[in-house]
Amino acid sequence: MDNFSFYAPTYFAFGKNSEERAGELVKRFGGSKVLLHFGGGSVVRSGLLERVKKSLDAAEIAWVELGGVKPNPRSGLVYEGIALCRKEGVDFILAVGGGSTIDSAKAIAAGVLYDGDFWDFYEGKPVTKALPVATVLTIAAAGSEGSPDSVITKEEGMIKRGASGEAYRPRFSILNPELTCTLPAYQTACGASDIIAHLYERYLTNSKDVQTTDRMIEALIMAMVEETPKVIADPNDYQARANIMWAGMMAHNNSCGVGRSQDWTSHEIEHELSALYDCAHGAGLAVVMPAVFRYNMKHDPARFAQIAERVWGIKNNGDVEATALAGIEALQKFLISIGMPKNFEELGAQEKDIEYLAHTCCYGDGNGSGRVGGFVSLEEKDVQNIYRLML
Ligand code: NZQ
Ligand code: ZN
């Protein structure tokens with residue numbers, strides 16, 4: 001196991017009606033004037049936003065609101081949010097929604113305290129200062145409710161990039177599994193695919209002797225494989241929703257990723273797809289992961305065979321590569337079974353864009369290193385080959 005430091009101080013309020021605690025928690029964590037940030041309207045339709053406002057009013061917390069965050073959140077609304085927070089003297093940001101809303105809230109939080117362009121953080125500048133951010137989560141997926149990360153798409157050129165920093169860890173996150181019952185089956189499945197991807201990105205490591213985190217990852221993937229079909233069949237299965245919601249947080253607050261190198265190839269390759277085609281991140285990952293894993297399998301067949309045996313129940317008859325491949329196939333079969341796409345066509349991606357996608361993935365808008373991936377270091381040609389495996 002490698003050396004590490006781990007500080008994940010988010011306070012979690014989990015369970016039915018926990019959104020009623022929003023006002024109390026904002027007060028406890030020092031907010032006096034809140035920006036309520038939300039997406040395209042699901043939280044208005046469900047009545048959640050109204051309940052959160054009531055809770056803030058009851059705690060005598062002032063608020064202003066800014067809705068309209070799109071999936072794959074855009075820079076334009078971030079600039080708007082920064083200006084609004086400065087004008088209104090906002091000192092706390094409460095995101096009510098999914099990963100896109102939370103990530104937009106984080107970007108605004110950093111931008112308010114920064115004299116330059118907030119996009120600098122998405123080109124590699126570490127985030128050291130931000131207004132406090134908290135969340136009321138409505139979809140188990142991105143893990144942003146416990147993570148120090150945010151992913152934003154810059155509208156000029158549709159470049160999608162991430163920024164990180166401890167200042168981005170939410171002060172508190174309210175996780176009420178009931179709020180996820182209104183999700184369409186497709187969004188639920190996209191969330192499950194993303195959660196599983198966050199676990200694989202950490203499983204694919206070059207670090208040795210990492211049994212504890214290996215076993216944690218395996219357990220979480222197994223729970224996802226058990227629970228996801230239950231909520232696809234019955235969207236109101238509270239206990240399955242609850243298990244998935246906590247798995248989504250655990251998959252990405254890095255409890256399972258400490259002390260080991262991580263991969264993130266699938267995410268880097270996927271971000272180009274959701275930037276260009278505006279597809280759901282989890283759907284993109286369902287197409288990307290099997291291709292990346294098949295391409296990289298020979299780097300360490302034993303690692304892929306281990307997860308094949310332990311998670312997917314594949315019998316190892318001594319042929320490690322065959323076992324490894326059977327595990328990748330089992331993963332893809334599972335993703336297809338919950339309604340995820342399996343190739344470029346089903347995702348809405350096009351073969352003619354492969355060179356552009358691979359180039360942007362490796363070089364961004366000019367500041368990329370030309371290489372991608374922590375498990376295997378890939379160059380532009382490899383990334384093109386991986387996109388071709390998705391045709
Ligand atoms: O906008 P509204 O109307 O709220 O609708 C949303 C949106 O259309 C809808 N939705 C959310 N909760 C709902 C609901 N509909 C009905 N009932 C509910 N309870 O679902 C759609 C997707 O929402 P979004 O916030 O985009 O989903 P998700 O949480 O999957 O976030 C995806 C974004 O997170 C980024 C992705 O790249 C993508 O941009 N990621 C962020 C990470 C992080 N910050 O740590 C890590 C991830 O790897 C990921 O890259
Ligand atoms: Zn993800």
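A polar contact here is a pair of N or O atoms within 3.5 Å, where one must be able to donate a hydrogen and the other to accept it. Keep that in mind as we walk through this predicted model, starting at Glu 218. Its side chain makes one such contact with the side chain of Arg 310, at 2.8 Å, and another with the side chain of Tyr 203, at 2.6 Å. Setting aside neighbours within four places in sequence, Glu 218 also touches Gln 306 and Val 311. Is Glu 218 buried or exposed? It counts as buried, because its relative accessibility is 2%, under the 20% cut-off.

Now step back to the helix around it. Glu 218 sits in helix α7, which covers residues 211-233. The axis of α7 comes within 10 Å of the axis of α6, and the two cross at roughly 170 degrees, so the helices are roughly antiparallel. Where they meet, α6 brings residues including Ile 195, Leu 199 and Tyr 203, while α7 brings Glu 218, Leu 220 and Met 224, among others. Sorted by type, the residues of this contact come out as 14 nonpolar, 2 polar and 3 charged.

Follow α6 and you'll also run into the zinc ion (ligand 2). Which residues hold its protein donors? They are Asp 194, His 198, His 267 and His 281, lying 2.0 to 2.2 Å from the zinc. Along the chain, the spacing reads D-x3-H-x68-H-x13-H. His 198 belongs to α6 and His 267 to helix α9, 69 residues apart, so this pair links distant parts of the chain. Both histidines count as buried, because His 198 has 2% relative accessibility and His 267 has 7%.

Key:
Residues numbered from 1 in each chain as written. Chains lettered and ligands numbered in written order. Predicted model: local features only at pLDDT ≥ 70, side-chain atom pairs only at ≥ 80, totals over all residues. Heavy atoms only, no water. Donors = N, O, S within 2.8 Å, 3.2 Å for Na, K, Ca; no water. Helix = DSSP H or I, 4+ residues; strand = E, 2+ residues; numbered from the N terminus. Buried < 20%, exposed > 50% of the residue type's maximum accessible area, 1.4 Å probe, protein only. Axes fitted to C-alpha atoms, helices over the stretch in contact; angles between N-to-C directions. Parallel < 35°, antiparallel > 145°, perpendicular 65-115°, else oblique. Contact = heavy atoms within 4.5 Å. Nonpolar A, V, L, I, M, F, W, Y, C, P; charged D, E, K, R; others polar.
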